[in-house]
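Visitor: I should like to learn how to read the features of a protein model. May we go through them one at a time?

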Amino acid sequence: MLLSRSGLSAPGPPRFLSLPLSRAYHTTRSQRADVFPSQLNDPSTAAVLSSLKTPRAPQTLTEKIVQRYSLGLSEGQYVKAGDYVTLSPAICMTHDNSWPTALKFMSIGASQIYNKQQVVMTLDHDVQNKSESNLKKYRQIEEFAKKQGVAFYPAGRGIGHQIMVEEGFAYPGTLAVASDSHSNMYGGVGCLGTPVVRTDAASVTFTGVLPQGVTGKDVIVALCGILSNDEVLNHAIEFTGSEDTMRSLPVDARLTIANMTTEWGALSGLFPIDDVLERWLRYKATESALHKSTELSDALTFKRFTHQRIDDLFADPSSISADKGAKYAKYIHMNLSTLSPHISGPNSVKISTPVEELAAQNIKIDKAYLVSCTNSRASDLAAAAKVFKDAVKETGGPVRIADGVELYIAAASMPEQLAAEEAGDWQAMVDAGAKALPSGCGPCIGLGTGLLEPGEVGISASNRNFKGRMGSVEAKAYLASPEVVASSALSGMISGPGWYQQPEGTSDVVVGEGDGVKEDERMITTEEAIEEMIDQLDHVIKTVESKIDIAPETKTSQKIEVLPDFPSKVEGEILFCDADNINTDGIYPGKYTYKDDISKETMSEVCFENYDPAFRNIARENDILVSGFNFGTGSS
């Protein structure tokens, strides 16, 4: 993936990202993603980036946001799938990896960030590490941030993605990038958050409403497990549905779903900018105006959340929604009313099972986790605490988590923890035996206290259960909603709280490709019928073109530049990894990622240790690694 390291740049124009939005298309000339100074000063020269001026065509919401942050477009040009564009994001967020980037920044002679409002620095990954080397790195990052005048949030303040949302940096209709693969989460508030690469668009249509006891976590867990053949791999997803359907998905649920579109294989997960989001924004604006303390927020938070800015956002509905007739490479539907609580695993998000089925297997657990940017907001903590509060009411006395089970809790941010404390939810879990950790990534990335030991089973409300990610490769990890995690910790076995009420007439989850409308029930307008005919003709033309044998001299292709001394062929012995979806933790465990002083020799020793500890003794210089499908899923 190509993503912004930190948004740092020398004085002059901001650092840019080259983003191809793509679908299958034919090209007849070479196109480049570079931007020259003349393009910034004279948009008419920008034609080298794309095709000639194009007529206004229906755009997806993703295309509209990309259009807004594209540079050097020719007059009247509208961004569409297939275009190469150069972007200047509204915001770039970076975390514990800021210091190596700052060193590179200074090494090129740069002294000042061009736009200090564009950069946010947070410390969230290795916050439990109190070693002198880590504390020194944290001090250096803080000093650099203060010198540059950029927004900075210290260790313990919260997870970077949560800070981006609650502080208004990830704002609806804008584009934000981060040095972390879960920037997809910003899509929950209508902000296009993504590690930026070449991508197609996909539309996911929800119908129905969530039954009682079913959460946003169950939605994305089911999608990951049921549609597990990379249906949305490298796609930019836009979620949609009727007003009633979308109103059953509050902003916190949307953040959870958008967050885990990363694990589903997508590059972004964008929710509509609708009345649900507007109500959330109005609350944030009022809250920010009433509480201007900079103890937990920076001095500009109340300026990012204002009622006037919200008025401006919703003044032109057409600018914050997909156009009628916008084209998507893929359509997926899911009936929320048919969904029941689901669990991922073990050790894979591509395996999902209804909670009741796993509960019947009496699977004993050793550790439970309410952590991460996925499901540790105040609403999540309240749902988990309710399990213990209900048990207290039922038994008439104090309750404790099951013998032999450890429950770890860490809020997504300090404001979320304070809200949980004020509601009595935090204390309810502590009273039941939960162990509090500082707000940060911690166990989710395999750092700090409470990691899974060999042979242990864990259940977590986080987003990844890759083999070895949360501890030992000999452990098993499951993912579930906060209430299922709490219920499992209380009973000592995987179980649900019993809140789910199955609607009459439902059995299996209704989900699949297409829009879910039966052909004999479909009604289309004349305009839609004509568009369908044109699409069919385009398909026929492309089919015929693919079967015509064009002479080599008449074939068109992009010019490929070959670097000097690049070998004409590469030879070596094949080293075969017999597995699909080998994830980045399998390639290089995440727990080593933030050790800046790790030597190359040590790196080589731990390479692939989560996939096969013997790899270091098998691999030889010049070997060619071959694996199954979707190699490098995860944070790549």
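Visitor: Is Asp83 buried or exposed?

Guide: Please bear in mind that this is a predicted model. A residue counts as buried when its relative accessible area is under 20%. Asp83 has a relative accessibility of 4%, so Asp83 counts as buried.

Visitor: With which residue does Asp83 form a salt bridge?

Guide: Side chains of opposite charge can pair when their charged atoms come close. Here the partner of Asp83 is Lys80, and the closest N and O atoms of the two are 3.1 Å apart. Lys80, at 30% relative accessibility, counts as partly exposed, whereas Asp83 is buried.

Visitor: How many salt bridges does the structure hold?

Guide: The structure holds 24 of them. One joins Glu166 to Arg157, with 2.9 Å between the closest N and O atoms. Another joins Arg157 to Glu167, with a closest N and O distance of 2.8 Å. The latter pair links distant parts of the chain, ten residues apart: Arg157 belongs to the loop between strand E6 (151–153) and helix H5 (160–166), and Glu167 to the loop between H5 and strand E7 (175–178). Glu166 and Arg157 are both buried, and Glu167 is buried as well.

Visitor: Which residues are joined into one network by salt bridges that share partners?

Guide: The network consists of Arg157, Glu166, Glu167 and Arg304.

Visitor: What is the order of the strands in the open sheet of five strands?

Guide: To read a sheet, one follows the strands from one edge to the other. In this sheet the order is E6-E5-E4-E7-E8, with parallel pairing. E6 and strand E8 (192–193) are the edge strands, each pairing on one side only. Strand E5 (residues 119–122) pairs with E6 in the parallel sense over three bridges. Within this sheet, Val120 has Ala151 of E6 as its bridge partner.

Visitor: Why is helix H2 described as largely enclosed by the rest of the structure?

Guide: One looks at the burial of each residue in turn. H2 spans residues 61–68, and seven of its eight residues are buried, so the helix is largely enclosed by the rest of the structure. The buried residues are Leu61, Thr62, Glu63, Lys64, Ile65, Val66 and Gln67.

Visitor: What surrounds Ser98, which is found in helix H3?

Guide: Helix H3 covers residues 98–107. Ser98 has a relative accessible area of 2%, and is therefore buried. A polar atom of the Ser98 side chain lies 2.6 Å from the backbone oxygen of His95. Not counting residues up to four places away in sequence, Ser98 touches Met121 and Ile141.

Visitor: Which residues touch the most other members of the largest nonpolar core?

Guide: In soluble globular proteins, nonpolar side chains tend to be buried together. The largest nonpolar core in this model has 37 residues, of which Ile343, Leu407, Met429 and Ile459 touch the most other members. The elements that give two or more residues to this core include helix H13 (355–359), strand E16 (406–409) and helix H14 (378–395). H14 gives the most, with six residues.

Visitor: With which residues is Ile343 in contact, leaving aside its neighbours within four places in sequence?

Guide: Among them are Val221, Ile351, Leu358, Ile459, Tyr478 and Ile494. Apart from this core lies another, of 36 residues, including Val120, Ala170, Tyr186 and Cys191.

Methods. Residues are numbered from 1 along each chain as its sequence is written. This is a predicted model: local features need pLDDT of at least 70, side-chain atom pairs count only at pLDDT 80 or more; totals for chains, interfaces and linings use all residues. Side-chain values use heavy atoms; hydrogens and water are left out. Buried means under 20% relative accessible area, exposed over 50%, partly exposed in between (1.4 Å probe, protein chains only). Helices (H or I, at least four residues) and strands (E, at least two) are DSSP runs, numbered from the N terminus. A polar contact is a pair of N or O atoms within 3.5 Å; within protein, one must be able to donate a hydrogen and the other to accept it, and residues adjacent in sequence count only if both atoms are side-chain atoms. Contact means heavy atoms within 4.5 Å. A nonpolar core is a set of buried Ala, Val, Leu, Ile, Met, Phe, Trp, Tyr and Cys residues joined through side-chain atoms within 4.5 Å. A salt bridge is a side-chain nitrogen of Lys or Arg within 4 Å of a carboxyl oxygen of Asp or Glu. Two strands pair if DSSP finds at least two bridges between them.
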